[in-house]
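Here is my note on the model you shared, set out point by point. I hope it is handy to have beside the viewer.

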Amino acid sequence: MKKTCKILTLIIFTLFCTYGTFTQAKKVKHMKLEDGMTAENTLVLTLKDGDVIIKLLPEKAPNHVKRIKELVEKKFYDGLVFHRVIKGFMAQTGDPQGTGMGGSGQNIKAEFNDVPFERGTLGMARSQDPDSADSQFFICFKEASHLNGQYTVWGQVVDGMEHVDNIKLGSPFDNGTVTDPDKMIKLALLSDLVASGDVVIDQ
C-alpha cells in the first residue's frame, strides 16, 4: 500500500511539473519605437548586461545597411567578440577570427555621409582602402569628430548605451586589444523578433 502511494505521488508530481513547464507563459519584451523608426530598420544587440537598440540609417548608407541585415539574418554576428575596445573612444567587433584581421569575405564600397560620429554612432571599420569595409564595425563611446567623412556611418544607438559602456576594455598599451573579451550574445532584426513573438511593439 505504501509503495503504491509513493508511486501515485511520484506520478502526480511528474504530471504537475510537466503541466507547469508547458503552461509557463513565454517571456515577451515590450518596446516602443521612436518617431521615424521601423521594426525593419531596427537592430537589437544583446550584451551581457542587457539589450542595445540600434536605429539603422538606410537613407545614408543603403548598401552597408543591406549587407549588415544580410549578415544578421544569417546570425553571422552572434557570439563574436569585441576584440578592440579603447576607453573614451570605441568598441570594435564583427570579426569571426576575433583578431581584427577577419571578415565575411565581401567588401562594401564606401558610403561616406554627413552623419557625425557621436556617442552611440556605429561606423564600419576598414583598412587604408576606403572601399575595404567588410563585416567589422565599431560603436563610439563619445564624440569622435576626427572620423567624420572618413568612415561610413550606418547606425545609431537609441537605447541601452549604458550596456555598451560596460563592455570590457582593452589594453591601452596594445591598441585596445582585449584579453578574454566580451561578446555579442545576439544581434537580431527587431522585425524578426516581433514575427517570432519575442517582442511586442507598443503603440
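The points below go from the overall make-up to the strands, the core and the charged pairs.

1. **Ground rules.** This is a predicted model, in which local features need pLDDT of at least 70 and side-chain atom pairs count only at pLDDT 80 or more, while totals for chains, interfaces and linings use all residues. Residues are numbered from 1 along each chain as its sequence is written, and side-chain values use heavy atoms, with hydrogens and water left out.

2. **Overall make-up.** The protein has four helices and 10 strands; helices (H or I, at least four residues) and strands (E, at least two) are DSSP runs, numbered from the N terminus. Read from the N terminus, the order is α-β-β-β-α-β-β-β-β-β-α-β-α-β. Taking contacts (heavy atoms within 4.5 Å) with a separation of 6 or more, 69% are between residues 24 or more positions apart.

3. **Surface and burial.** About 11600 Å² of the protein is exposed, and carbon and sulfur atoms supply 55% of that area. Accessible areas come from the Shrake-Rupley method with a 1.4 Å probe, and for residues only the protein chains shown count as cover. Of the 203 residues, 40% count as buried. Here buried means under 20% relative accessible area, exposed means over 50%, and partly exposed lies in between (1.4 Å probe, protein chains only).

4. **The S4–S5 hairpin.** Strand S4 (residues 84–86) runs antiparallel to S5, with three bridges joining them; two strands pair if DSSP finds at least two bridges between them. Three residues separate S4 and S5 in this hairpin, and glycine 88 in the turn has a positive phi of about 75°. Isoleucine 86 has methionine 90 of S5 as its bridge partner.

5. **S5 and its other neighbour.** S5 also pairs with S7, in the antiparallel sense and over four bridges. One of the partnerships here is threonine 93 with phenylalanine 137 in S7. Cover is found on both faces of S5: Met90 and Gln92 are buried on one side, Ala91 and Thr93 on the other.

6. **S6 between two partners.** Which strands does S6 pair with? S6 is antiparallel to S8 over three bridges, and three bridges also join S6 to S7, again antiparallel. Leucine 122 takes part on both counts: its bridge partner in S8 is glycine 155, and isoleucine 139 in S7 stands opposite leucine 122. Both faces of S6 are covered as well, with Thr121 and Gly123 buried on one side and Leu122 and Met124 on the other.

7. **The largest nonpolar core.** A nonpolar core is a set of buried Ala, Val, Leu, Ile, Met, Phe, Trp, Tyr and Cys residues joined through side-chain atoms within 4.5 Å. The largest one holds 32 residues, and those touching the most other members are Leu43, Leu45, Tyr77, Phe137, Ile139, Trp154 and Val164. Elements that give two or more residues include strand S2 (42–47), strand S3 (50–56), strand S8 (153–159) and helix H3 (161–165). H2 gives the most, with four residues. For a closer look, try valine 164: leaving aside neighbours within four places in sequence, it is in contact with Leu47, Val52, Ile139 and Phe141.

8. **Salt bridges between separate parts.** Side chains of opposite charge can pair when their charged atoms come close. The rule used here is a side-chain nitrogen of Lys or Arg within 4 Å of a carboxyl oxygen of Asp or Glu, and the count comes to six salt bridges. Lysine 29 and aspartate 51 form one, with the closest N and O atoms 2.5 Å apart. Lysine 29 lies in strand S1 and aspartate 51 in strand S3, so this pair ties together parts that are 22 residues apart in sequence. Aspartate 165 and arginine 119 form another, at 2.7 Å between the closest N and O atoms. That pair links distant parts of the chain, helix H3 and the loop between S5 and S6, 46 residues apart.

9. **A pair within one helix.** Glutamate 70 and arginine 67 form a salt bridge, the closest N and O atoms being 3.1 Å apart. Both lie in helix H2, three residues apart, about one turn of the helix. Are the two partners buried or partly exposed? Arginine 67 is buried, with a relative accessible area of 7%, whereas glutamate 70 counts as partly exposed at 31% relative accessibility.

10. **A network.** Finally, salt bridges link Lys48, Asp49 and Asp182 in a network.
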